[in-house]
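This report describes a single protein for a reader who is new to reading structures. Please look over the sequence and the model before going on to the sections below.

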Amino acid sequence: MDNRFIFSNIWENRQRVKRIGIYSFILYVITYGYVMGNYAPCHDGMRITQVNLPGLEGLGRVLIPYYINIRGMINSPWLIGFISGLFLFCSIILIADMLDIWGDFKSQLIIAVVFMLNQCFISTITTFIYILDINMLALLLSVLAVYILNYNYKVTTAFISGILLALSLALYQAYLGVAIGLYVVLFIKKIISNEELNIKLFIFTGGSLVASGIFYILILKYFVETKGIMLLEGGYNSLDNIQKLSFMSIISTVLGTYKRFYGYLLESNLYNSNIFRLCIVFLIIVGVIGYVYRIYCVGSVLKAIALIALFIIFPVATGIVFIISGGTLHNLMTYPFQLFYILIYLPFVVQTSENKYRKYIKYIILFVYIVMAFIVIRFANDLFYYEKISADSTFSTITAFDNDIKKAGFEPSKHRMIIVGDISNSFKRYYQVDATQFSYVGNYARYGTTITYNSTLSWYFMYVLGETYYIDYYPYKEKIVIDGHDYTDVIDEMNTYPKEGYCKLVDEYMIVKMKGDE
């Protein structure tokens with residue numbers, strides 16, 4: 001790279017940046033405009049205000065409070081959607097510059113499709129919108145870390161890159177896989193472009209990643225010792241899982257990463273579309289052919305070996321968080337896997353010697369991506385509307401439930417509520433639609449209600465209805481003892497929700513008998 005200002009290339013291509021902005025804006029509004037304007041609190045997304053930052057700091061996401069102090073405590077869906085889209089657009093621009101696709105509208109559109117339309121983003125905006133912009137800022141910092149080092153591989157940029165990636169980790173660790181995956185993509189790009197790939201690139205990249213880990217540990221140490229933050233232990237996503245790793249568990253999770261990676265691509269209920277899976281298979285076949293041709297053009301056995309090695313590493317690079325967490329992976333952690341769609345398209349982005357078929361192949365690939373985009377857009381909007389009707393039904397159900405317990409004498413300031421049974425099973429609703437198609441990305445979808453487990457009922461009263469109820473939950477068992485008193489006989493004589501008599505005031509308790517977990 002030359003000694004120009006680091007973002008000079010982006011500035012010189014600002015007209016093309018505007019064009020990418022138009023693509024991105026149209027895609028974003030068509031896909032997410034409805035949920036931004038009609039968001040319905042559901043599942044963990046009940047918490048529409050960030051007062052206690054429930055558990056997030058304890059998971060090592062210690063910079064979130066400082067960001068929220070800037071953004072505000074109220075999780076306004078439209079504002080969060082706008083900010084998230086802005087962060088996402090900046091990430092797309094940085095990647096477009098790293099891939100050098102300024103003169104190629106087809107590649108620009110494909111990059112926008114890949115980064116805007118995916119399971120991770122859909123899951124987050126549907127259910128966890130209160131952290132969507134936080135996660136997208138973590139993504140931007142991760143991409144920016146790679147961009148800085150890719151600008152010039154030297155000590156200074158490696159240091160700055162390490163700091164940026166550490167900041168990303170302190171917001172959400174899942175985007176570490178984006179940074180490492182991007183490095184792999186850029187190394188592959190250099191090989192098939194016949195650029196020099198010397199040991200210095202790997203040293204500075206590895207050094208920057210190690211530095212980011214050190215900086216992140218220092219950040220955690222500072223907040224634990226000076227701010228009194230307690231890191232959570234024993235959870236499926238808590239940081240202490242790293243301490244439990246052994247050599248054999250690492251080997252097991254590395255192998256599991258390949259299964260998860262290809263499962264992500266070809267999941268049986270992915271977007272509920274066989275056409276989508278066929279498109280992926282087509283892209284894999286075309287991509288493999290493209291890479292074979294590129295290896296032939298490169299004409300170097302050593303580079304061919306390096307290329308194959310990077311391909312083998314790629315699923316591990318993007319699934320790094322799955323490995324270091326000891327095998328934890330949920331939808332909010334799958335964003336790095338989207339880089340596969342960049343990797344598979346890469347042979348047709350890089351231009352060395354011109355091939356007369358290249359232009360036509362790129363148009364075919366663009367058409368396939370447009371088909372996939374349409375499937376994702378359709379799926380997302382179906383999901384968002386299903387969420388809305390489920391939320392409307394839940395509001396009606398809980399309003400009636402609240403009325404029933406108050407008629408039975410419940411006073412929040414005097415009584416505790418005792419719920420026996422399963423909440424989500426009792427409030428479950430059935431619509432004339434196969435809701436299982438949404439269950440992979442919508443955590444509430446399999447219930448037909450936005451109250452998905454016991455704690456979410458308390459949150460619903462608190463965050464949606466503005467009521468503070470003290471609720472204890474008890475599963476069905478032979479004896480139900482509350483504060484040393486046996487209420488089994490009383491509960492056995494009660495009817496089950498929603499039949500009349502399902503709630504009864506006994507002593508200072510409002511006992512509510514729900515259905516079991518059948």
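## Surface and charge

The accessible surface of this protein comes to about 23000 Å², and carbon and sulfur atoms account for 63% of that area. The model shown is a predicted one, which should be kept in mind throughout.

The side chains of the protein include 40 that are positive and 36 that are negative, and the centres of these two sets lie 13 Å apart.

## Overall build

The protein contains 20 helices and 6 strands. Its C-alpha atoms, taken along the principal axes, fill a box of roughly 80 × 55 × 45 Å. A compact globule of 518 residues would have a radius of gyration near 24 Å, and the 26 Å found for the protein agrees with this.

Of the 518 residues in the protein, 56% are buried, where buried stands for a relative accessible area under 20%. When contacts with a sequence separation of 6 or more are considered, 78% of them are between residues 24 or more positions apart.

## Strands β1, β2, β5 and β6

Strand β1 covers residues 416-420, and 4 of its 5 residues are buried, so this strand is largely enclosed by the rest of the structure. Strand β1 pairs with β6 in the parallel sense over 5 bridges, and within this pairing Arg 416 has Tyr 509 of β6 as its bridge partner. Strand β1 is also joined to β2, residues 471-474, by 4 bridges, and these two strands run parallel. In that second pairing, Ile 419 has Tyr 473 of β2 as its bridge partner.

Strand β5, residues 503-506, and strand β6, residues 509-513, run antiparallel and are joined by 4 bridges. Val 506 stands opposite Tyr 509 in β6, and Tyr 509 is also the residue that partners Arg 416. As background for looking at these strands, in a regular strand the side chains alternate between the two faces of the sheet.

## Unusual backbone angles

Most residues other than glycine have a negative phi, and most peptide bonds are trans. Against that background, Asp 507 stands out with a phi near 55 degrees, a positive value in a residue other than glycine. Asp 507 lies in the loop between β5 and β6, and the hairpin formed by these strands has 2 residues between them. With a relative accessibility of 55%, Asp 507 counts as exposed, because the cut-off for that class is over 50%.

Asp 100 likewise has a positive phi, near 55 degrees, although it is a residue other than glycine. Asp 100 sits in the loop between α4 (77-99) and α5 (105-116), and it is exposed, with a relative accessible area of 54%. A further feature of the backbone is the peptide bond from Tyr 497 to Pro 498, which is cis, with omega near 10 degrees. Pro 498 belongs to the loop between α20 (488-493) and β5.

## Positions in sequence and in space

How far apart in space are Gly 206 and Ala 158, which are 48 residues apart in sequence? Measuring from C-alpha to C-alpha in the model, the separation of Gly 206 and Ala 158 is 9.1 Å. Gly 206 is placed in helix α10, residues 199-226, and it is partly exposed, with a relative accessible area of 29%.

Two other pairs can be described in the same manner. Ile 389 is found in helix α17, residues 358-407, and counts as partly exposed at 26% relative accessibility. Ile 389 and Val 224 are 165 residues apart in sequence, and their C-alpha atoms are 43 Å apart in space. Glu 233 is in the loop between α10 and α11 (247-266), where it counts as exposed at 67% relative accessibility. Glu 233 and Leu 88 are 145 residues apart in sequence, and the distance between their C-alpha atoms is 32 Å.

Key: Residues numbered from 1 in each chain as written. Predicted model: local features only at pLDDT ≥ 70, side-chain atom pairs only at ≥ 80, totals over all residues. Heavy atoms only, no water. Rg over C-alpha atoms; globule rule 2.2 N^0.38 Å. Buried < 20%, exposed > 50% of the residue type's maximum accessible area, 1.4 Å probe, protein only. Contact = heavy atoms within 4.5 Å. Areas by Shrake-Rupley, 256 points an atom, 1.4 Å probe, with all protein chains shown as cover. Lys, Arg positive; Asp, Glu negative; His and termini not counted. Charge placed at Lys NZ, Arg CZ, Asp CG, Glu CD. Pairing = 2+ DSSP bridges.
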